[in-house]
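Visitor: I would like to learn how to read a protein model. Could we go through it one feature at a time?

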Number of protein chains: 2
Amino acid sequence: MSDTPDSAVRTYIAQYRAAFLDDLAEWLRIPSVSAQPEHDADVRRSAEWLAAKLKETGFPVTEVWETAGAPAVFAEWPSGDPDAPTVLVYGHHDVQPAAREDGWHTDPFEPVVKDGRMYARGAADDKGQVFFHTLGVRAHLAATGRTAPAVNLKLLVEGEEESGSPHFRALAERNTDRLAADAVIVSDTGMWSETTPTVCTGMRGLAECEIELHGPDQDIHSGSFGGAVPNPATVAARLVAALHDENERVAIPGFYDGIAELTPAERELLAELPFDESEWLRTAASRATLGEAGYSTLERVWARPTAEVNGIGGGYQGPGGKTIIPASARLKLSFRLVSGQDTDRVEELIRSWVASLVPAGIRHEITFGGATRPCLTPLDHPALQAVARSMSRAFDGEKIRFTREGGSGPAADLQDVLGAPVLFLGISVPSDGWHAPNEKVELILLLKGVETTAHLWGELARALR
Amino acid sequence: MSDTPDSAVRTYIAQYRAAFLDDLAEWLRIPSVSAQPEHDADVRRSAEWLAAKLKETGFPVTEVWETAGAPAVFAEWPSGDPDAPTVLVYGHHDVQPAAREDGWHTDPFEPVVKDGRMYARGAADDKGQVFFHTLGVRAHLAATGRTAPAVNLKLLVEGEEESGSPHFRALAERNTDRLAADAVIVSDTGMWSETTPTVCTGMRGLAECEIELHGPDQDIHSGSFGGAVPNPATVAARLVAALHDENERVAIPGFYDGIAELTPAERELLAELPFDESEWLRTAASRATLGEAGYSTLERVWARPTAEVNGIGGGYQGPGGKTIIPASARLKLSFRLVSGQDTDRVEELIRSWVASLVPAGIRHEITFGGATRPCLTPLDHPALQAVARSMSRAFDGEKIRFTREGGSGPAADLQDVLGAPVLFLGISVPSDGWHAPNEKVELILLLKGVETTAHLWGELARALR
């Protein structure tokens, strides 16, 4: 028994569908490209537009929050029920750059509806997936006869996600009290495919470092000195080669200590997904898989920690040859982390490991970038089950499967700062073209998103009570 | 008993010393920088100046030889004795770039004599060391009363050595008959120090290659795909790491096959040189030695083959991080070779070794640059003994020790093309500052060079007869 009758929800959505799509199109017309300073005013206009729309939707509190960069939007709608749990929705209102000449068939900032899809920059990433919450909460109220949501509903929609969320954590930390929640719903991911609805249960964390290796004071002649002094480019290469053992496991001592291993049940669920490796390789623009022995490709990218070299450089890189021992070399490494790995401890392990491998005569410096902690919600967590149930109701009772994300996101900051479990609700599909020309959202899925959130607040109110 | 009375030689040199230095200074004023197209006319002027000066010296044949690049100078002075051996002297008349603002105390193309030294670009490398042959052959004639040298004397002075001698081998091959000789004297090296006169006995060879490694069609996201596809930068690094074993020996199968190992006598001679490792490290601008186990530093740089990475690049090298698996990576490797290593065979070994290590999913291309064969004259070769004896006479009977050069030079082309042993006669010292600001030559050593060559033609005539 649900508290939001499914048919009432559908009737309500059908009634307001056209106005909802018109509003979304209006928002998509604002080119809120956070990476391009010439669009700073557009990003601000986008925040103000959203705040006004949320006010119109019924949120009694709507605020534009300033940061050291682009503004975020905060909105709040108290339940009125003193026992109601609090849920914070996360999304972003900025978009990736887009220009007609990149291969767009139509103006990226003039939305076009065609063949059941809306084409525009931000249609899926992330305006469409933020915007379904507006009609969703109205449908929730209409179908239940409530005047306020079943949960204390908060929204935080940032304006710098496409620029790496440089000020997001500070914003969250300054506003811990206002943002406090029992669960976070991240509305910025996707599902497996049009025909396989899924809920993401976690994201990998990230540690990044840059290693500078200094040898001779300047490039020296490899004829005069070759074979007799340490070469910093060789040392850089040896570090990279030592990153993995012969089974492609990360060989840094202690790296795997305490990680959450996949349970047989989790492996079974992942194996159930209709995974086509040759299709996946096409998406990866690659010709072969290679990874940790004993794990499937999906397990490798979603549930196993990794070490990758993102950049390496040293010595002469121009045309032809130059017989030198270079003065220095540089490495950029990134590590994807999984539940159980602490970013501070991993950085300490990396630091010691590097120091143990650099030979006498080579000076090294290691600099860490901002780390992101992994997040993972257990499959039996009541809030995760509530998300899956809501989605299943929207998808005509279909079985909801579980995925993960290999990347990392600012959601992990909310997990850290608020100490709340993070749940992911996304209806975008791989073909939506995030960051690519002709980004689109499938209207049928967008409305399933509306429908899912119409059920979600009731489901979560029960699950978290 | 020598055929050139030492005192007669010295008297002659003392008499013409001032004119000789004035002439050298005039030549040094021509900025024959082969690497800078704006000096093309100067390089030609330098060749013409030298040809005229050699004619004035007495060479009956002097010619400017065209190449696809800068011109060379050829001169010939037949002995007149039908049994006389033929000797070809090699040098170059082009110089490295030089500009006052690089740290020169005086104009690099306005020679200054100060404290017994002549400062100018090319003073030591290589105009000074080519030019001592002019007064040398005159002193030889004056002291012996001959009208022609004791050997059939040929000079080949190229104009592109500082640009890597790109057309030198072709020039030699086109003129095999004219250049035919029983021995080649390379007049473009140095000796151990002011107080330790030495003769170089060989140079290492060189093989160079560039390896391109291609992975994904474009850079891909290391969160989405990291840990599951091969990374070309990792493969590049693993190749470099696999170049050496734990004893810093080159680990390419077959690399050491057939090489001329140092004899105990040769090792003893090298060990006798007054080698100061901390001083050597200062010259190498390095802080520690590292090389093949079981060999001294001098042995490593002079007598052992090596593998060095001259350049490595792949992925993101800008500021900060970028979480990608790069589409490609590049390596530039060079290999110093010693006597017994065939460049073609070494290239084949490298090719097979690379192919054996590149994993499925990575495409690779390997390109070899022009290789140089090693050259080494045995210590008991009569021509080498003749060079050492001539030098000892110039250096007041001092013991002449033997060195090698770690680098490679166009001399090896003459060895190949003419099939003649290559001998090295150089009076430059490490402090002369080749390729650096304030290049100079020690006048006392320059005149020892004149004196050595005054004895050399008689000594060689006997040794090679």
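Visitor: Is B:E451 buried or exposed?

Guide: Keep in mind that this is a predicted model. The general idea is to look at the relative accessible area, where buried means under 20%. B:E451 has 7%, so this residue is buried.

Visitor: With which residue does B:R10 form a salt bridge?

Guide: Look for opposite charges on two side chains, with a nitrogen within 4 Å of a carboxyl oxygen. B:R10 pairs with B:E451, and their closest N and O atoms are 2.5 Å apart. B:R10 sits in helix 1 (residues 6-28) of chain B and B:E451 in helix 14 (residues 443-464) of chain B, so the salt bridge ties together parts that are 441 residues apart in sequence. B:R10 itself has 34% relative accessibility and counts as partly exposed.

Visitor: How many salt bridges does the structure hold?

Guide: Over all chains there are 73.

Visitor: Where do B:E173 and B:R169 lie?

Guide: Here the thing to check is the spacing along the chain. Both residues belong to helix 4 (residues 168-174) of chain B, and they are 4 residues apart, about one turn of the helix. Their salt bridge has its closest N and O atoms 3.1 Å apart. B:E173 is partly exposed at 44% relative accessibility, and B:R169 is partly exposed at 30%.

Visitor: How many residues apart are B:R282 and B:E279?

Guide: They are 3 residues apart in helix 9 (residues 277-283) of chain B, again about one turn of the helix. Their side chains meet in a salt bridge of 2.9 Å, N to O. B:R282 is exposed, with a relative accessible area of 56%, while B:E279 is partly exposed, with 38%.

Visitor: Which residues are linked with A:D6 in a network of salt bridges?

Guide: A charged residue can be part of a network as well as of a pair. In this one, A:D6 is linked with A:R389, A:R393, A:E459 and A:R462.

Visitor: What does the side chain of B:N175 reach?

Guide: For a polar side chain, look for a partner atom, which may belong to the backbone. The side chain of B:N175 reaches the backbone oxygen of B:L171 at 2.8 Å. B:N175 is found in the loop between helix 4 and helix 5 (176-179) of chain B. With a relative accessible area of 16%, B:N175 is buried.

Visitor: Now the domains. Which residues make up domain 1 and domain 2 of chain A?

Guide: A domain may be written as separate stretches of sequence. The domain assignment gives domain 1 as 6-203 + 375-464 and domain 2 as 205-259 + 305-368. The C-alpha centres of these two domains of chain A lie 40 Å apart.

Visitor: How many residues of domain 1 of chain A are in contact with domain 2 of chain A?

Guide: 5 residues of domain 1 are in contact with 4 residues of domain 2. The two domains of chain A bury about 300 Å² between them, 44% of it on carbon and sulfur atoms. Between them there are 0 salt bridges and 2 residue pairs in polar contact.

Visitor: What area do chain B and chain A bury between them?

Guide: The size of an interface is often given as the accessible area lost when the parts come together. For chain B and chain A, that area is about 5,200 Å², with 53% of it on carbon and sulfur atoms. The contact takes 70 residues from chain B and 70 residues from chain A.

Visitor: How many salt bridges are there between chain B and chain A?

Guide: The count is 4. A salt bridge is also found between the side chains of B:R238 and A:E248, at 2.8 Å, N to O. Polar contacts link 37 residue pairs between the two chains. On the side of chain B that touches chain A, the largest share, 9 residues, comes from strand 11 (residues 306-315) of chain B.

Visitor: By what turn can chain B be laid on chain A?

Guide: To compare copies, lay one on the other and note the turn and the shift. Here a turn of 180° and a shift of 0.2 Å along the axis give an RMSD of 0.3 Å. The two copies are therefore related as by a two-fold rotation axis. The same surface serves both copies, as 100% of the contact residues of chain B recur in chain A.

Definitions and conventions:
Residues numbered from 1 in each chain as written. Chains lettered and ligands numbered in written order. Predicted model: local features only at pLDDT ≥ 70, side-chain atom pairs only at ≥ 80, totals over all residues. Heavy atoms only, no water. Helix = DSSP H or I, 4+ residues; strand = E, 2+ residues; numbered from the N terminus. Buried < 20%, exposed > 50% of the residue type's maximum accessible area, 1.4 Å probe, protein only. Least-squares fit on C-alpha atoms with pLDDT ≥ 70 in both. Contact = heavy atoms within 4.5 Å. Domains from an automatic or database assignment. Buried area = accessible area lost by both parts, 1.4 Å probe. Polar contact = N/O pair within 3.5 Å; in protein donor to acceptor, adjacent residues only side chain to side chain.
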